[in-house]
Amino acid sequence: MSAKPPLQLQVTDHRRDSAGFTYVYPVVSRRAGGVSVGINLNPNNACNWRCIYCQVPDLKRGAAPELDLAQLRGELVAMLDDIVNGDFMQTRVPENARRLNDIAFSGNGEPTSSHQFPAVVQLVGEVLAQFGLAGKIRLVLISNGSLMHREEIRQALQALAQSGGEVWFKLDRAPADGFSEVNQVAMSRSGVAKRLAAACAACPTWLQTCMFALDGKLPAEAEVDAYLGFVAGQLAAGVRLQGVLLYGLARPSLQEEAPRLSAAPADWMASLARRIEALGLAVRLSL
Ligand code: SF4
């Protein structure tokens, strides 16, 4: 009887259950350029935002559930053991991506909505040390930034920074006082600025910006100007940004607005990248 060949992960494959775990999942990330080990603090598919391009299935409003930290630790140890000592790379990863890039606090919702997020940061640091990987593997917090003004999150970000970590802070459009159609949440300009400044002060922080056409229309010039103006204003105010991760629609939205969304042309995205660079920021563009 011949066994099925093990599944190879593809760059589009971000399924959270590909390792059969609850909290820990491997992905080949086009953004990271190799294997990223994700830690999903929201296995309940709950987020405090509802971005119209969100790829989380059955997304609902809410916070992370109570996490079983012993299970999370066990899953991370097993995953890293398979990567470092086992045949994970040979059997599951395309040859050109056999590199462990980072550990990402990410998943199916907002990671910092877990009251256990600080404990998870500490836990991950301990497990990396156990494998001799501390300081060698990048740690990334992928966040919508909405809770970064909280003291316990600020302290966790400082701990993340001490472990060589960085924050990817979501900023899709210039925040205006009111409701954001893209993120389906109420926000204020000063509130976003305060959270961004708090993140940047605690940990190296990149903006992550998703641009796309809605109902066949690209973001209007005024909208793009407002975005650039907001970023420039933060820089002028002394907020130290690392740069901008600018990306298009990599994978289909799983929200009801999905049919209304389409990718922006590559030259439009490249032109926007140049305008951001003109502010003095590094840009990593992913289409
Ligand atoms: S913040 Fe992230 S997880 Fe939450 S709705 Fe937006 S894209 Fe989805």
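**Close-up views of the predicted model**

**Figure 1. Helix α4 and the glycine that follows.** Immediately beyond the end of α4, G164 adopts a positive phi of about 80°. The model shown in this and the following views is a predicted one. Helix α4 comprises 12 residues, and its end C-alpha atoms are 17 Å apart, in agreement with the 16 Å that it should span at 1.5 Å a residue. Four positions of α4 are listed as buried, namely I153, A156, L157 and L160. Viewed down the helix axis, the buried residues of α4 fall within an arc of 105°, so they line one face of the helix. An α-helix has 3.6 residues a turn, so residues three or four places apart point the same way. The partners against which the buried residues of α4 pack are the strands β5, β6 and β7 (165-170), together with the helices α3 and α5 (189-202).

**Figure 2. Helix α3 and its packing partners.** Residues 117-130 form α3, a helix of 14 residues that reaches 20 Å from its first C-alpha to its last, close to the 20 Å expected at 1.5 Å a residue. Its buried residues are F117, V120, V121, L123, V124, V127 and L128. These buried residues fall within an arc of 165° when α3 is seen down its axis, so they line one face of the helix. Q122 and Q130, on the other side of α3, are exposed. Packing of the buried residues of α3 involves the strands β2 (34-40), β5 (100-106) and β6 (138-143), as well as the helices α1 (69-84) and α4 (151-162). After α3 comes G132, with a positive phi near 70°.

**Figure 3. Helix α7, its buried face and its exposed face.** With 12 residues, α7 reaches 16 Å between its first and last C-alpha atoms, close to the 16 Å expected at 1.5 Å a residue. W268, M269, L272, A273 and I276 are buried in this helix. Down the axis of α7, the buried residues occupy an arc of 140°, so they line one face of the helix. Their cover includes the helix α6 (221-236) and the strands β12 (243-247) and β14. D267 and R274 are exposed residues on the face of α7 turned away from its buried side. D267 has a relative accessible area of 58% and is therefore classed as exposed. The C-alpha atoms of D267 and F21 are 40 Å apart in space, and the two residues are 246 apart in sequence.

**Figure 4. The loop between α7 and β14.** G280 belongs to the loop that joins α7 (266-277) to β14 (282-286). Its relative accessible area is 64%, so G280 is exposed. L241 lies 39 residues from G280 in sequence and 10.0 Å from it in space, C-alpha to C-alpha.

**Figure 5. Loop residues with positive phi.** Most residues other than glycine have a negative phi. N45 is not a glycine, yet its phi is positive, about 55°. This residue sits in the loop between β2 and β3 (46-47). At a relative accessible area of 14%, N45 is buried. D215, likewise a residue other than glycine, has a positive phi near 55°. Its place is the loop between β11 (213-214) and α6. D215 is partly exposed, with 47% relative accessibility.

**Figure 6. The loop between α1 and α2.** D87 is located in the loop that connects α1 and α2 (88-92). It is partly exposed, its relative accessible area being 42%. A separation of 32 Å is found between the C-alpha atoms of D87 and A159, which are 72 residues apart along the chain.

**Figure 7. The residues around the ligand.** The ligand is surrounded by C47, W49, R50, C51, C54, L59, G109, N144 and K170. By residue class, this shell holds five nonpolar, two polar and two charged residues.

**Figure 8. Confidence along the chain.** The chain has a mean pLDDT of 92, and 92% of its residues reach 70 or more. Over residues 1-6 the pLDDT is below 50, and this stretch has two contacts in the model beyond near neighbours in sequence. Residues 12-16 also have a pLDDT below 50, with 13 contacts beyond near neighbours in sequence. Where pLDDT is low, the predicted coordinates should not be read in detail.

Terms used:
Residues numbered from 1 in each chain as written. Predicted model: local features only at pLDDT ≥ 70, side-chain atom pairs only at ≥ 80, totals over all residues. Heavy atoms only, no water. Near = heavy atom within 4 Å. Nonpolar A, V, L, I, M, F, W, Y, C, P; charged D, E, K, R; others polar. pLDDT = per-residue confidence, 0-100. Contact = heavy atoms within 4.5 Å. Helix = DSSP H or I, 4+ residues; strand = E, 2+ residues; numbered from the N terminus. Buried < 20%, exposed > 50% of the residue type's maximum accessible area, 1.4 Å probe, protein only. Expected span 1.5 Å × (residues − 1). Arc of directions from axis to C-beta.
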